[in-house]
Structures are given as C-alpha cells and as structure tokens.
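Reader: I've got a model open on my screen and I'd like to learn how to read it. Could you walk me through it, feature by feature?

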Amino acid sequence: MRIVRIGLIGLGEVSQLMHLPILADHRHLFEVAGVFDVSPSLTTHCAERYSTHPYASAEALVAAPDIDAVFILTPDQTHRHYLDLALRAGKHVFLEKPACLTLGEIDDVMPLAKESGRLVFVAYMRRYSPSFLKAKEMMPATEELRYVRVRDLICEGPFFIRQTRNIFYPHDLDADFLAQSRSETEALLRDVAGKDASPSLMRAYQVLTGLSSHSLSAMRELIGLPQRVIAAHHKQNGEQIVALFDYGHFTAIYEALIDNVARFDARIEVYADRRRLSFGYDTPYIRNLPTSLEVTDSTDTETETRVFGPNYTDPFAIELRAFHEHLVNGTTPKTTLGDSRQDLALMADIVGRLRESSQL
C-alpha cells in the first residue's frame, strides 16, 4: 500500500480534534511530513506532538519535494490563496469545505486546477458517513418523492470541545494580521451579500458557507439541485435561516439555527409515497459518534420500520481513505471543485432571497 506524504496548512480546532489524530491512526496510508500555521507557537506545538517537521511558511511547505499532497485546513477566506499555492507547486490537495467563499474565487482557480492535473478533493465528510451512503442506496425513485426536510439545529463546538479534548489555542497572532484578515473576509462576504449588506445578512452567508454547506451538499447528492429557491428568511442576527426549494413535483425545506442549547440536531428526512428515510449527525467535534438510518415502508395493510446502524466509523476517517484511494488510483472523487461550485451558486441564490425578504 502506497504511503502518501502530506503537509498540513492550518492547525486549528478541527485539525487538532480530527485530522491529525485520524492521520496518526492511518500511518499505513499517510505520513505527516510537515505542518504550518500562521501561529509559530501552534506550528511548534503540533510538530512536536506528531513528530513532524515545522515549516516557517506555507510557501516553504508546498515547495518541499518530499511532500505529495497538501491539506488546506485554514479559515474559509484563505482557501483560494493556499489552493493556488499548492496547485502551482504541483501538489495534490485535500481542501476543507467550502472550497472558496465566493463564485468569483472558485471560477478563478478552477482553470488552474484543471491545467495542473492534480487531485483536488473537497472535504464534505457528511457525504461519506455510513448512514448517508446507505440512505443514498435506499432512495426512492425521484418521481415518488413528496417532500424533503433538511435541518441543522446546533450548539457550536466550544461546548463539546471543553468537555472532551485539550486544544492548543495560540496567543501569538499579530493584531494587524487579524485586522487584515477580518477586512478581507468582510470584502468577500459583501461580494455575495451586497455592498450594503447588513451584519445580519453577512453572518447568514457565513452560516450558509460554514454550517449549511454540509447539508446543502448532501441534499444535492441525494435529490439534485432545486429548480429555484422559492423563498428564504433569516433572523437572530443571521443565525436562524429558513429556505424553501422548488423541485418541480415536490418541495424541500432547509432550516438552520445556532443557539446555546447543548445538542447537535443535523438531520435529513425524505418522504416518498410509500417510504420515509431519516438519518442524522451528531457534533463533528467528538470522534466516532454513531450514525444510523431509519427506513419506514408501508403497504395498504402493513408498516415496517428498519434501523441500519448504529455505525461508529467516523466520516472523517472514511473521507481520508477515499482521498488516498483517489490519489493512488488516479480516479476522480464525487466532491470536486466543480461539485463544490454548485453549493456556492445555490447559496448565492439563497442570499438573494434573504435580501428580498429583509427588504419587505
């Protein structure tokens, strides 16, 4: 089995909670050959903990001849920059979702990705979970669909992280760097939400690209793109969103809420004439939480409910194995830049409806 030598750019919460530990569990597939973060202390901490080489810059890491692939695990607004660096250096790329924050960014970098001939794998871990894959296998025919409900009602990560794992949080980030990063992020958000967008609308777009991209991407794989976004509305400073989608002969609804009730209720329910499928996800900040799929079938006289699972295989681990398989075999994953672009286009349409509703 070929061992792929990788370098990680970005060593924040998800890197420390998921990627680095799971990579360490897969030493038969991966070797962490180097790490870099804009925080020197965080770079040093992770390099020492995982016995790897600390790089002083992203440029130095991507230029290293002994690194086969680069993992880009940085804040969303930086993805395009690091993706460009890695591709120009001839590296394969594992890129955390969203691939970019705007359509303009992804459209700019897609020609380079195609020209490079390198693998770009966008990491939508929910689309690799056992319950999702089983649901896809058991989906009713499209013409039988009646209604689809998709939701993300969550408490954010810090509640779970504080109780489960020690995270190294650096204190050596330059204040000017942080201010510039906030300014660049705001400019990208306004590029989609509008130059006059309210803070609430910009926050709603951040929720869509961060939290909602998981579910919207999974929705697309199960039932395709909607014909149109019928309506969308946001409240609670952008942290409550509802969107209604037209699929021709049926509708789908998406709802998101971020609050401080300690639960993670992410679920997709598919309703057909004779079958209902329901599966969900717990917080991604704790490894190996179980997933399961519930399927109910009815005839004129009987109803049967089956549960598949629980399955404790972590979706992060499954997608890492998929990345390795595609890289060594030269095959194309389902989660490409082109696939991710569809999410950005759909989210831009949702934001258009959010703007309309806020002006009523």
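Author: We'll go through a sheet, some aromatic rings, the empty spaces and a few backbone oddities. Keep in mind that this is a predicted model.

Reader: Let's start with the sheet. How do I read one, and in what order do the six strands run?

Author: The general idea is that strands of a sheet pair through backbone hydrogen bonds, either parallel or antiparallel. Here the order is β3-β2-β1-β4-β5-β6, the sheet is open, and the pairing is parallel.

Reader: Which strands stand at the edges?

Author: Those are β3 (53–54) and β6 (120–123). Each has a single partner strand, so one side of each has no neighbour in the sheet.

Reader: And how many bridges hold β2 and β3 together?

Author: Two bridges, in the parallel sense, with β2 covering residues 30–36. To find one on screen, look at V35, whose bridge partner in β3 is P54.

Reader: Okay, on to aromatics. What do I look at in a ring pair?

Author: A pair of aromatic rings is described by the distance of the centres and the angle of the planes. In this model the count comes to 13 aromatic pairs. Take F30 and F71: the centres are 6.3 Å apart and the planes sit at 80°, so this pair is edge-to-face.

Reader: Where do F30 and F71 lie in the fold?

Author: F30 is in strand β2 and F71 is in strand β4 (residues 69–72), so the pair ties together parts that are 41 residues apart in sequence.

Reader: Are those two buried or exposed?

Author: Buried: F30 has 2% relative accessibility, and F71 has a relative accessible area of 0%.

Reader: What kind of pair do F30 and F323 make?

Author: A stacked one, because the planes are at 10°, with the ring centres 6.4 Å apart. This pair also links distant parts of the chain, since F323 belongs to helix α10 (residues 315–329) and lies 293 residues from F30. F323 is buried too, at 0% relative accessible area.

Reader: Which residues do the ring pairs link into a cluster with F30?

Author: F30 is joined there by F71, F94, F121, Y128 and F323. One cluster member has a charged residue over its face: K334 lies over Y128, at 4.7 Å from the ring centre. There's another case at Y124, where the charged end of R127 sits over the ring, 5.4 Å from its centre.

Reader: Now the empty spaces. What lines the second largest pocket?

Author: For any such space, look at volume, lining and chemistry. This pocket has a volume of about 180 Å³. Its lining residues are M110, P111, A113, K114, R118, V120, T332, P333, T336, L337 and G338. Helices to highlight are α5 (103–116) and α11 (337–358), the elements that give two or more residues to the lining. The largest share, four residues, comes from α5. By class, six lining residues are nonpolar, three polar and two charged.

Reader: How many cavities of 30 Å³ or more does the structure hold?

Author: Two. The largest cavity has about 150 Å³ of space. Of the 15 residues that line this cavity, Y281, D282, T283, P284 and P315 lie nearest its centre. That lining divides into nine nonpolar, three polar and three charged residues.

Reader: And which residues line the second largest cavity?

Author: Q16, H45, C46, R49, Y50 and R165, around about 30 Å³ of space. Helix α2 (residues 40–49) gives the largest share of that lining, three residues. The classes come out as two nonpolar, two polar and two charged.

Reader: Last topic, the backbone. Which peptide bonds are cis?

Author: For this, check omega. One cis bond runs from K97 to P98, with omega near -10°, and P98 is placed in the loop between β5 (92–96) and α5. Another runs from G309 to P310, with omega near 10°; P310 is found in strand β14 (residues 303–311).

Reader: What about phi? Where does S51 lie, and what is its value?

Author: S51 is in the loop between α2 and β3, and its phi is positive, about 50°, although it is not a glycine. S51 is exposed, with 68% relative accessible area. Q236 is another non-glycine residue with a positive phi, near 50°. Q236 lies in the loop between β8 (228–235) and β9 (240–246), and it is exposed at 55% relative accessible area.

How values were computed. Residues are numbered from 1 along each chain as its sequence is written. This is a predicted model: local features need pLDDT of at least 70, side-chain atom pairs count only at pLDDT 80 or more; totals for chains, interfaces and linings use all residues. Side-chain values use heavy atoms; hydrogens and water are left out. Two strands pair if DSSP finds at least two bridges between them. Rings of Phe, Tyr and Trp (its six-membered ring) pair if their centres lie within 6.5 Å; planes under 30 degrees apart count as stacked, over 60 as edge-to-face and the rest as tilted. Buried means under 20% relative accessible area, exposed over 50%, partly exposed in between (1.4 Å probe, protein chains only). A charge sits over a ring if NZ of Lys or CZ of Arg is within 6 Å of the ring centre and within 35 degrees of the ring normal. On a 1 Å grid over the protein atoms alone, a cavity is a set of points where a 1.4 Å probe fits but cannot get out, and a pocket is an open set with protein on both sides within 12 Å along at least five of seven lines; lining residues have an atom within 4 Å of a point. Grid points are joined across faces, edges and corners, and a volume is the space filled by probe spheres set on the points. Ala, Val, Leu, Ile, Met, Phe, Trp, Tyr, Cys and Pro count as nonpolar, Asp, Glu, Lys and Arg as charged, and the others, Gly among them, as polar.
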